[in-house]
Amino acid sequence: MAMRETGVGTKASGEVCRVCAGRTYVVERQGDQALARVCGCSENCPVCGGRGHVLVEREATFSQKVGPRRYEVMEPCGCTLRRRRVALYNEVRLPGVVAHASFDNYRAFNEAQDRGRGVAMHFGHQFVKGATSKGFILSGPVGTGKTHLLAATLGHLVIEMGVRARYVEISLLYATIRRGFQEGKSGGEIIGPLSEVEVLAIDELGKGRGSPFEMETLDELIARRYNAGRTTLFATNYSLEPERKARPGGPTGYRTTEDAKAVVKDAELLRERVGERIYSRLCEMCTFVELPKDTPDRRRTRQEMDSLHPPPTGMRSMGR
Ligand SMILES: Nc1ncnc2c1ncn2[C@@H]1O[C@H](COP(=O)(O)OP(=O)(O)O)[C@@H](O)[C@H]1O
Ligand SMILES: [Mg+2]
Ligand SMILES: [Zn+2]
Ligand SMILES: [Zn+2]
């Protein structure tokens, strides 16, 4: 990991720290928040002696007559970088339930989940600060690790790359804006910081009453980010593509309109929840990943599943 350097993340004996596993920081659940802190093993910096910066020697030619000269500059030490990134992580405001979430501890029970993790990891690893990159949207039932993957992705961007990011659960967003309105602020003023942050994750997309107020707010936020070429990630319990869910109507695989209607009726569609305008923006901004309805709910069946249905060995090794 990028933040590791000699003397930190390890004990005097050279043994790797058991608290942070050598990562130099820990993320813990504190109430309903996931909060990061520098690990005790790395609080005293042996590199800079606690000054927070180091002198680095450089060489440059200022004049041809004198030739190359050595000089020293002050640079932030690795420990300063670590403190900054830990503080940046705490600005993301990830929920406590996913404090432990990483790509490594995400388990895929079907191909769609494996693809979801792949898309999220690829996004995280190819991300370049300042450049526009396509986000992703995860759709699937409750407890299938959608928030987990959002958290793992944002954690990677913030800790490894120092990217500014925010996470927001949509009903909290609406509540914040409603409160802001009561204080006399405009919608734009309130969503300002969220439209400018480099990467934003919006969780529970489609939830809410679907009131004109909510729709307009969401539309404005997404439009602003879209126009500025900023990346947005999403998770939703609503379904993305009705076609995929349809079973072939007969031996020819031909699907009747009756079948199609039935499918649309029993699958709640995100397109209908957020409206055509937002949905078509999403199509442009994001790679779509849909987890099937039968993807197991980790919250309900964690113990049962771990003992009765271990994932196929191939799947299990994929995250390691
Ligand atoms: N596939 C998975 N692998 C590992 N942990 C998971 C997985 N799915 C869910 N979890 C864990 O279960 C809890 C609920 O998952 P969460 O990501 O909130 O689900 P969702 O957002 O899809 O409803 C979290 O603690 C999460 O880390
Ligand atoms: Mg969730
Ligand atoms: Zn440690
Ligand atoms: Zn230092």
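Modeller: Four donors count as tetrahedral if all angles between them lie from 85 to 135 degrees, a donor being an N, O or S atom within 2.8 Å of the metal (3.2 Å for Na, K and Ca). One caveat up front: this is a predicted model, where local features need pLDDT of at least 70, side-chain atom pairs need 80 or more, and totals for chains, interfaces and linings use all residues. Residues count from 1 along each chain, chains are lettered from A and ligands numbered from 1 as written, and side-chain values use heavy atoms, without hydrogens or water.

Colleague: Okay, so what makes the arrangement around the zinc ion (ligand 4) tetrahedral?

Modeller: Its four donor atoms subtend angles of 103 to 115 degrees, inside that window, so tetrahedral it is. The donors are the SG atoms of Cys45, Cys48, Cys77 and Cys79, 2.3 Å from the zinc. Along the chain they're spaced C-x2-C-x28-C-x1-C. Cys45 sits in the loop between E2 and E3 and Cys79 in helix H1 (residues 78-92), so this pair ties together parts 34 residues apart in sequence.

Colleague: And why is the arrangement around the zinc ion (ligand 3) called tetrahedral?

Modeller: The angles there run from 106 to 114 degrees, which earns the name. Cys17, Cys20, Cys39 and Cys41 coordinate this zinc through SG at 2.3 Å, with the spacing C-x2-C-x18-C-x1-C. Cys20 comes before strand E1 (25-30) and Cys39 lies in the loop between strands E2 (33-38) and E3 (53-61), so the two tie together parts 19 residues apart.

Colleague: On to the helices. Why is H5 called oblique to H6?

Modeller: The axes of H5 (residues 187-196) and H6 (residues 212-227) come within 9 Å and cross at roughly 40 degrees. That makes H5 oblique to H6, since under 35 is roughly parallel, over 145 roughly antiparallel, 65 to 115 roughly perpendicular, and the rest oblique. Among the residues in contact (heavy atoms within 4.5 Å) are Ile191 and Leu194 in H5, and Leu221 and Arg224 in H6. The contact residues divide into three nonpolar, four polar and four charged.

Colleague: What makes H4 oblique to H5?

Modeller: The axes of H4 (residues 170-182) and H5 come within 9 Å and cross at roughly 140 degrees. That angle makes H4 oblique to H5.

Colleague: Which residues in H4 and H5 meet?

Modeller: Leu173, Thr176, Ile177, Gly180 and Phe181 in H4 meet Gly187, Ile190, Ile191 and Leu194 in H5. They divide into six nonpolar, three polar and no charged.

Note on methods: Axes are lines fitted to C-alpha atoms, for helices over the stretch in contact, and angles run from 0 to 180 degrees between N-to-C directions. Helices (H or I, at least four residues) and strands (E, at least two) are DSSP runs, numbered from the N terminus. Ala, Val, Leu, Ile, Met, Phe, Trp, Tyr, Cys and Pro count as nonpolar, Asp, Glu, Lys and Arg as charged, and the others, Gly among them, as polar. Four donors count as tetrahedral if all angles lie between 85 and 135 degrees; four count as square planar and six as octahedral if opposite donors are over 155 degrees apart and all others between 65 and 115; anything else is irregular.
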